[in-house]
Amino acid sequence: MGGGYPAYRISKASLNAITRMLADELSPFNILVNSVDPGWVKTDMGGPDASKTTAQAVDNILWLAQLPDNGPSGKFFRNKEEAPW
Ligand SMILES: NC(=O)c1ccc[n+]([C@@H]2O[C@H](COP(=O)([O-])OP(=O)(O)OC[C@H]3O[C@@H](n4cnc5c(N)ncnc54)[C@H](OP(=O)(O)O)[C@@H]3O)[C@@H](O)[C@H]2O)c1
């Protein structure tokens, strides 16, 4: 939440908010909802100088998608650790 890129930063704050809302609404159905910061990734957006390949970035996403039923929900993760926002 530094200065600049207001539309982008606000969209990410909204994403974190909807993560918490959905996690709450879907908890009775045993569905976990989390969000993830993939790091700086070599995509169209990240560009060729980014530090992570898409394979490295997707590793974090797959880890979240395979959490056990009693895993965390409504959280934001970076490098497989909960991150503040
Ligand atoms: N790359 C990074 O370093 C990085 C870092 C942190 C967070 N992220 C986040 O990760 C997410 C994916 O980023 P990326 O790096 O994979 O970006 P990307 O390579 O530019 O891909 C963006 C994707 O979003 C789709 N898209 C764009 N506008 C859309 C719309 N209006 N409706 C439906 N789909 C739309 C594009 O579809 P088309 O291909 O059909 O245009 C494309 O598949 C983003 O939310 C980004 O902010 C990326």
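This is a short walk through one chain, from its overall layout down to single residues and the ligand shell.

First, the status of the coordinates. This is a predicted model. The mean pLDDT of the chain is 95, and 100% of the residues score at least 70. Broken down by element, helix H2, residues 54-65, has the lowest mean at 94, while H1 has the highest at 97.

Now the layout. What does the secondary structure come to? Two helices and three strands. Along the sequence the pattern reads α-β-α-β-β. For the overall extent, the C-alpha atoms fill a box of roughly 40 × 30 × 20 Å along the principal axes. The chain has 85 residues, and 5% of them are buried. On contacts, take the pairs at least 6 apart in sequence: 40% of those join residues at least 24 apart.

Let's start with helix H1. H1 runs over residues 6-26. That is 21 residues, reaching 30 Å from first C-alpha to last, close to the 30 Å expected at 1.5 Å a residue. How many of the 21 residues of H1 are buried? Zero, so H1 lies largely in the open.

Ahead of H1 sits methionine 1, in the segment before the helix. Methionine 1 has 7 other C-beta atoms within 10 Å; the cut-off for exposed is 12 or fewer, so methionine 1 counts as exposed.

After H1 comes the loop leading to S1, and asparagine 30 lies there. Its backbone is worth a look. Asparagine 30 has a positive phi of about 60°, although it is not a glycine. Asparagine 30 is exposed too, with 9 other C-beta atoms within 10 Å.

On to the sheet. Three strands form an open sheet, in the order S1-S2-S3, and the pairing is mixed. Which strands stand at the edges? Strand S1, residues 35-37, and S3; each has a single partner strand, so one side of each is left without a neighbour in the sheet. S1 pairs with strand S2, residues 76-78, in the parallel sense, over three bridges. For one concrete bridge, serine 35 has phenylalanine 76 as its partner in S2.

Between S2 and S3 there is a loop, and lysine 80 lies in it. Lysine 80 is another residue other than glycine with a positive phi, here near 65°. Buried or exposed, with 10 other C-beta atoms within 10 Å? Lysine 80 is exposed.

Next along is glutamate 81, in strand S3, residues 81-82. Glutamate 81 is exposed, with 8 other C-beta atoms within 10 Å. Glutamate 81 and valine 36 are 45 residues apart in sequence, yet their C-alpha atoms are 9.6 Å apart in space.

Back to the connections around H2. Serine 51 is in the loop between S1 and H2. Serine 51 is exposed, with 11 other C-beta atoms within 10 Å. What does serine 51 touch, leaving out residues up to four places away in sequence? Gly39 and Trp40. Two distances place serine 51 against the rest of the chain. Methionine 1 is 50 residues from serine 51 in sequence and 21 Å away, C-alpha to C-alpha. Alanine 17 is 34 residues from serine 51 in sequence and 28 Å away, again C-alpha to C-alpha.

On the other side of H2, glycine 71 lies in the loop between H2 and S2. Glycine 71 is exposed, with 11 other C-beta atoms within 10 Å. Glycine 71 and leucine 15 are 56 residues apart along the chain, and 20 Å separates their C-alpha atoms.

Last, the ligand. Which residues are around it? Asp37, Pro38, Trp40, Val41, Thr43, Asp44, Met45, Gly46 and Ala50. By class, that shell has five nonpolar, two polar and two charged residues. Two links back to what we have seen. Trp40, one of the residues around the ligand, is also one of the residues that serine 51 touches. And Asp37, also around the ligand, falls within strand S1, residues 35-37.

To recap. The chain has two helices and three strands. The sheet is open and mixed, ordered S1-S2-S3. H1 has zero buried residues. Positive phi values turn up at asparagine 30 and at lysine 80. That's the tour.

How values were computed
Residues are numbered from 1 along each chain as its sequence is written. This is a predicted model: local features need pLDDT of at least 70, side-chain atom pairs count only at pLDDT 80 or more; totals for chains, interfaces and linings use all residues. A residue is near a molecule or strand if its C-beta atom, placed from the backbone, lies within 6 Å of it. Ala, Val, Leu, Ile, Met, Phe, Trp, Tyr, Cys and Pro count as nonpolar, Asp, Glu, Lys and Arg as charged, and the others, Gly among them, as polar. Helices (H or I, at least four residues) and strands (E, at least two) are DSSP runs, numbered from the N terminus. A residue is buried if 20 or more other C-beta atoms lie within 10 Å of its own, exposed if 12 or fewer, and partly exposed in between; C-beta atoms are placed from the backbone. Two residues are in contact if their C-beta atoms, placed from the backbone, lie within 7 Å. Two strands pair if DSSP finds at least two bridges between them. pLDDT is the predictor's confidence in each residue, from 0 to 100. The expected span of a helix is 1.5 Å times one less than its number of residues.
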